[in-house]
Amino acid sequence: MHRTLIIEPNPRQRRPFFYLSGCLLPDSSLIYDINAEKLVLFIPPIDPEDVIWSGLPLSPGEALKHYDVDNVLPTTQVNDTLASIASFYRGNSTAFAIAGQVSSEIKFQGFSATNDSVLRDAIEKTRVVKDIYEIALLKKANDISAKAHIAAIKASKTADNERQIEGAFIATCIANGAREQAYHPIVACGENGATLHYGKNDGSLNDPSTNQRKRNVLIDAGGEYRTYCSDITRVFPLGGKFSTEARQIYEIVLRMQIECIAMLKEGVQWEEVHAHAHRVAINGLLDLGILRGSKDELFDRRISVAFFPHGLGHYLGMDTHDTGGNPNYDDKDSMFRYLRVRGRLPAGSVITVEPGIYFCRFIIEPFVSSPELNQYIDSDVLERYWSVGGVRIEDNIHVTEDGYENLTTAPKSIEEIEALAFPRCTHVFMWPM
């Protein structure tokens, strides 16, 4: 039986279409004749009125040179091409499409069947493993975003609002070729960092009660390069130096991330990596006196979930939260419920590693007020850490057969971060007239 695939894009290119074609032209279509191994791209014909506003579009000849396809035709020939394929195979053929991604003008006349239920899943499973070109695009997105994170840290020296830091990040991405953001940036100052997906980005960097700068800024932001995403989180101090408490938490989170990244290679069980992050967090919080009790009991009672409530990471690619993770949000185990990835990691996948420790009153206070659980948290010690907000450190990791490749180049050591954040003094010399 012959099989034919047809996919169409929307203005923000649908990922299955782009994955198979590499084409960013809107209102285009794609047919792949599986038996003949022939990929045909269909692009809109020239519209004289549109040319006035937008200029000449790519011609079929130019598109054929630009994209890795076998032929390029105008979209007016999609139905004729489908009919010709169906006729060639004498009606003994199936057309595979994606539900909701084929316009009403497309007709499948002559095909013995049309299947719109399996193609999306097949492409999504394939997308988990990246080829060399995809890795190169992800590296480029990371390199641009690293420059933007550095610019954001430097901008904080004179900024008085979160949005000014966000503006510096976005401007640097655009200037370096990443016009789109992979997602709306998170720029969270002080206790705002305790909100995992904080999105207001309009808070003051100064504490009105003390008229002094708040402690930290958490920035979770990544540029998108040719539809491939980066997803990077960094935390830096306002004023150039981490406070004692913020530095302590940063060191724990950095240790969580470094040890978890070191575990990565083909076939590693992601749940085991996530569990290790919790054990490192428990050790660190015990050393600070925030937690008390035995390490195993704290782990078994899931006390660390109060401080690290989310999953360790997710697949990354053409989407920030990329396909193939197989999450189970119905899991009754609070430690694993919000994991976006379950199972063993294949070589060629790219995954974020983003441990964090947060001082979110909404999450922690139920533990403190619980007669059963409050024995594990020292409220007096905890009081010193609320103003830290949250610390999350996130890198993008390419999993290989024998280990990993870190695609993220943004600085993250305490020494590097403080050097970038430290305000430089400008000396002004005046001479008498």
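Angles under 35 degrees count as roughly parallel, over 145 as roughly antiparallel, 65 to 115 as roughly perpendicular, and anything else as oblique. This is a predicted model, where local features need pLDDT of at least 70, side-chain atom pairs count only at pLDDT 80 or more, and totals for chains, interfaces and linings use all residues. Numbering starts from 1 along each chain as its sequence is written, and side-chain values use heavy atoms, with hydrogens and water left out.

**View 1. Helix 8 crosses helix 9.** Here are residues 244-262 (helix 8) and 270-288 (helix 9), whose axes come within 9 Å and cross at roughly 155 degrees. Axes are lines fitted to C-alpha atoms, for helices over the stretch in contact, with angles running from 0 to 180 degrees between N-to-C directions. Helix 8 and helix 9 are therefore roughly antiparallel.

**View 2. Side by side, helix 8 meets helix 9.** Look for Ile 249, Ile 252 and Met 256 among the helix 8 residues in contact (heavy atoms within 4.5 Å). Helix 9 brings residues including Val 273, Val 280 and Leu 285.

**View 3. Three strands make an open sheet.** The order is 15-18-19, with antiparallel pairing; strands (E, at least two residues) are DSSP runs numbered from the N terminus, as are helices (H or I, at least four). At the edges sit strand 15 (350-353) and strand 19 (404-406), each pairing on one side only.

**View 4. Strand 15 pairs with strand 18.** Strand 18 covers residues 395-399, and the two strands share 4 bridges in the antiparallel sense; pairing takes at least two bridges found by DSSP. Pick out Ile 351, whose bridge partner in strand 18 is Ile 397.
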